[in-house]
Amino acid sequence: MEQCEAIGTPEQAAKLKSVIESSRETPGCLMHILQEAQEIYGFLPINVQKQIAEGLNISLSEVYGVVTFYSQFSLNPKGKHRVSVCLGTACYVKGSDKILEEIEKELGIKCGECTADGLFSIDSCRCVGACGLAPVVMIGDEVYGKLTPEMVKPILDKYREETK
């Protein structure tokens, strides 16, 4: 297999190695290790998946299959501010698709991507349980409801200002 470019720090690699070594004898440990790896790196690039596969003596395709099956895992880096747009029925009916379009336009990225500066990433979800506030966007743990496209820029600007 072709050598993958290194991702992360030596400390992160050592931490992942420790997680693998302490868990490898536990039946069904792959999910736990993947969760820990994502916590360490923030996402699961191919070289991290390869380290896990080699550490557990399983195929890379088995690891990749689990990573791509479960929506909790990400193959791409996430931004400092994770923007999640609810596309559940109540939100969608009230225009969350237009909110998502405006966020993508404002940030210059598409859903599933991260800005080049690492400040923002956009994802969609199916329901945040705040249907009475539809349409809803979450940025980190903050919930923004009853949104209109015109409200997007000032909200994002607030997060841009915080990081200056």
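Here is a walk through the fold, the cores, the empty spaces and the cysteines of this structure. Keep in mind as you go that the model is predicted.

Let's start with the overall layout. The protein chain has seven helices and four strands, and if you trace the elements from the N terminus on, they come in the order α-α-α-α-β-α-α-β-β-β-α. Along the principal axes, the C-alpha atoms fill a box of roughly 50 × 35 × 25 Å. Of the chain's 164 residues, 40% count as buried. As for how the chain folds back on itself, take the contacts between residues at least 6 apart in sequence: 60% of them join residues at least 24 apart.

Now for the cores. In soluble globular proteins, nonpolar side chains tend to be buried together. Here, the largest nonpolar core holds 20 residues, and the ones touching the most other members are L16, I33, L34 and I52. Which elements give two or more residues to this core? They are helix 1 (10-23), helix 2 (30-41), helix 3 (46-56) and helix 4 (60-69). Helix 2 provides the largest share, with six residues. I52 is a good place to zoom in: setting aside its neighbours within four places in sequence, I52 is in contact with L16, I20, L30, I33, L34, A37 and V63. There is also a second, separate core, made up of 19 residues, and L107, F120, I139 and Y144 are among them.

I139 turns up again when you look for enclosed space. The count comes to one cavity of 30 Å³ or more, and about 60 Å³ of space lies in it. Its lining is made of I99, I103, V137, I139, L147, M151, V152, I155 and L156. Helix 6 (96-107), strand 3 (137-139) and helix 7 (152-162) are the elements that give two or more residues to that lining, and the largest share, three residues, comes from helix 7. What is the make-up of the cavity lining by class? You'll find nine nonpolar residues there, with no polar and no charged ones.

The largest pocket has another kind of lining. This open space has a volume of about 490 Å³ and is lined by 17 residues; S71, Q72, S74, K78 and D123 are the ones that lie nearest its centre. Two elements, strand 1 (81-86) and strand 2 (120-125), give two or more residues to the pocket lining. Strand 1 gives the most, with three residues. By class, the pocket lining has four nonpolar, 10 polar and three charged residues.

Last stop, the cysteines. How many disulfides does a search of the whole structure find? Zero. C111 is in no disulfide, and the nearest cysteine sulfur, on C125, is 9.4 Å away. Since a disulfide needs two cysteine sulfur atoms within 2.5 Å, that pair does not qualify. C111 is partly exposed, with a relative accessible area of 31%. C114 is in no disulfide either: its nearest cysteine sulfur is that of C111, 13 Å away. At 23% relative accessibility, C114 also counts as partly exposed. Buried means under 20% relative accessible area, so C114, at 23%, does not count as buried.

Conventions:
Residues numbered from 1 in each chain as written. Predicted model: local features only at pLDDT ≥ 70, side-chain atom pairs only at ≥ 80, totals over all residues. Heavy atoms only, no water. 1 Å grid on protein atoms, 1.4 Å probe; cavity = no way out; pocket = protein on both sides within 12 Å on 5 of 7 lines; lining within 4 Å. Points joined across faces, edges and corners; volume = space filled by probe spheres on them. Nonpolar A, V, L, I, M, F, W, Y, C, P; charged D, E, K, R; others polar. Buried < 20%, exposed > 50% of the residue type's maximum accessible area, 1.4 Å probe, protein only. Core = buried A, V, L, I, M, F, W, Y, C linked by side-chain atoms within 4.5 Å. Contact = heavy atoms within 4.5 Å.
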